[in-house]
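Before relying on this structure, a colleague new to it may want a short guide to what can be read from it and how far to trust each part. The points below are meant to be followed with the sequence and the structure side by side.

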Amino acid sequence: AALLRGAGLPLTRLQSRATINQPGGLDAPCCSAASATPHRECRYRLHGGSWARSPNWRNFYCDVDMPARGAVLMATCVRRPTMRCFSSTDANWSNRPFLADRRWFLHAPLEPSIKALNASLGELSQVVPDDNGAFEVHMLNVNWGRAAVPLCLSADGVFEHYGYSQPQRAMLRSLSDADLATRSYLDLLAAARRDPAAKEPPVAPGSNRGLRGANAATLARLAHVRARDKTRRDETRRRSGR
């Protein structure tokens, strides 16, 4: 990932394909007939905006049949370990482990020619700083795929992802001090995974939990963040005598 950064690729995802039980997502053995959702998750969508094309990147973990899929905008840029490169046209934003160029993340506008994307990821993240799920939805709403941000993934990455359902998360949030004092957190996580509660249904495109049409509010919030940061920089310069 660091070598790719040196080659000018600003962001690499480090979640490996050894992923289990991700709701609506990647299931071992990776986009095959044995996958839990082979028809929905393993179909490559050539048309549409971020909502339609965002699941495409999950297919890029696969070793089979990707070159035969026609106009797939993906390349295997390193073979050992397997690194695949594509763009945000075929991906949602995800806060799962990644390595990014700090200056790019904090300061480089995604796409200056598009008003909603004329901001860095660091600035955009301040729109909904306390809700990662809402930020992922926001990035779909502003159709960040239009910026065609270069991305890579490490199919053999070091991180696995387990998608906890809302009932499982509620169970973890309800733990008492006594629970935490008498059992290891790994045991508690394992207990949550055994929770029989059904997973919630996947969120349909467009059903974005009240954020649809929020671009005006987003831009206003972004303007506020920029004004606040400028005030802080000016105050720092004033104190330092510059």
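1. A residue is called buried here when its relative accessible area is under 20%, exposed when that area is over 50%, and partly exposed in between. By that criterion, 39% of the 242 residues of the chain count as buried. The surface that the chain exposes comes to about 13,500 Å², and carbon and sulfur atoms supply 56% of it.

2. Please keep in mind throughout that this is a predicted model. The pLDDT of the chain averages 74, and 70% of the residues score at least 70. Confidence is lowest in helix 2, residues 38-41, where the mean is 46, and highest in helix 4, residues 102-107, where it reaches 93. Two stretches deserve particular caution in reading: the pLDDT is below 50 over residues 32-41, a stretch that has 19 contacts in the model beyond near neighbours in sequence, and it is also below 50 over residues 198-215, where the corresponding number of contacts is 22.

3. As to the overall build, the chain contains ten helices and five strands. Among the contacts in the chain with a separation of 6 or more, 68% are between residues 24 or more positions apart.

4. Strand 5 is a useful place to begin, for two other strands pair with it: strand 1 in the parallel sense over two bridges, and strand 3 in the antiparallel sense over five bridges. Four of the five residues of strand 5 are buried, so this strand is largely enclosed by the rest of the structure. In the pairing with strand 3, Ser-87 has Pro-150 of strand 5 as its bridge partner.

5. Which residue of strand 5 stands opposite Thr-12? It is Cys-152, and Thr-12 itself belongs to strand 1, residues 11-13. Thr-12 is buried, with a relative accessible area of 1%, and, leaving aside residues up to four places away in sequence, it touches Ala-1, Leu-4, Met-83, Pro-97, Phe-98, Leu-99, Cys-152, Leu-153 and Ser-154. Cys-152, its opposite number in strand 5, is likewise buried, with a relative accessible area of 0%.

6. A search of the whole structure finds two disulfides, and Cys-85 is named in each of them, once with Cys-77 and once with Cys-152. A reader should therefore look at both pairs together, bearing in mind that a disulfide is assigned here when two cysteine sulfur atoms lie within 2.5 Å. The sulfur atoms of Cys-77 and Cys-85 are 2.3 Å apart, while those of Cys-85 and Cys-152 are 2.4 Å apart.

7. The torsion about the S-S bond is about 65 degrees for Cys-77 and Cys-85, so that disulfide is right-handed. For Cys-85 and Cys-152 the torsion is about 95 degrees, so this disulfide is right-handed too. Cys-85 lies in strand 3, residues 83-87, and Cys-152 in strand 5, residues 150-154, so the pair ties together parts that are 67 residues apart in sequence. As for exposure, Cys-77 is partly exposed at a relative accessible area of 36%, whereas Cys-85 counts as buried at 13%.

8. Side chains of opposite charge can pair when their charged atoms come close. The count of salt bridges in this model comes to two. In one of them, the side chains of Asp-101 and Arg-5 meet with N to O at 2.4 Å. Asp-101 lies in the loop between strand 4 and helix 4, and Arg-5 in helix 1, residues 2-6, so the pair ties together parts that are 96 residues apart in sequence. Asp-101 is buried, with a relative accessible area of 12%, whereas Arg-5 is partly exposed, at 29%.

9. The other salt bridge is formed by Arg-53 with Asp-90, whose closest N and O atoms are 2.9 Å apart. Arg-53 lies in helix 3, residues 50-53, and Asp-90 in the loop between strand 3 and strand 4, so the pair ties together parts that are 37 residues apart in sequence. Are these two residues buried or exposed? Both Arg-53 and Asp-90 are buried.

Note on methods
Residues numbered from 1 in each chain as written. Predicted model: local features only at pLDDT ≥ 70, side-chain atom pairs only at ≥ 80, totals over all residues. Heavy atoms only, no water. Buried < 20%, exposed > 50% of the residue type's maximum accessible area, 1.4 Å probe, protein only. pLDDT = per-residue confidence, 0-100. Contact = heavy atoms within 4.5 Å. Areas by Shrake-Rupley, 256 points an atom, 1.4 Å probe, with all protein chains shown as cover. Pairing = 2+ DSSP bridges. Salt bridge = Lys/Arg side-chain N within 4 Å of Asp/Glu carboxyl O.
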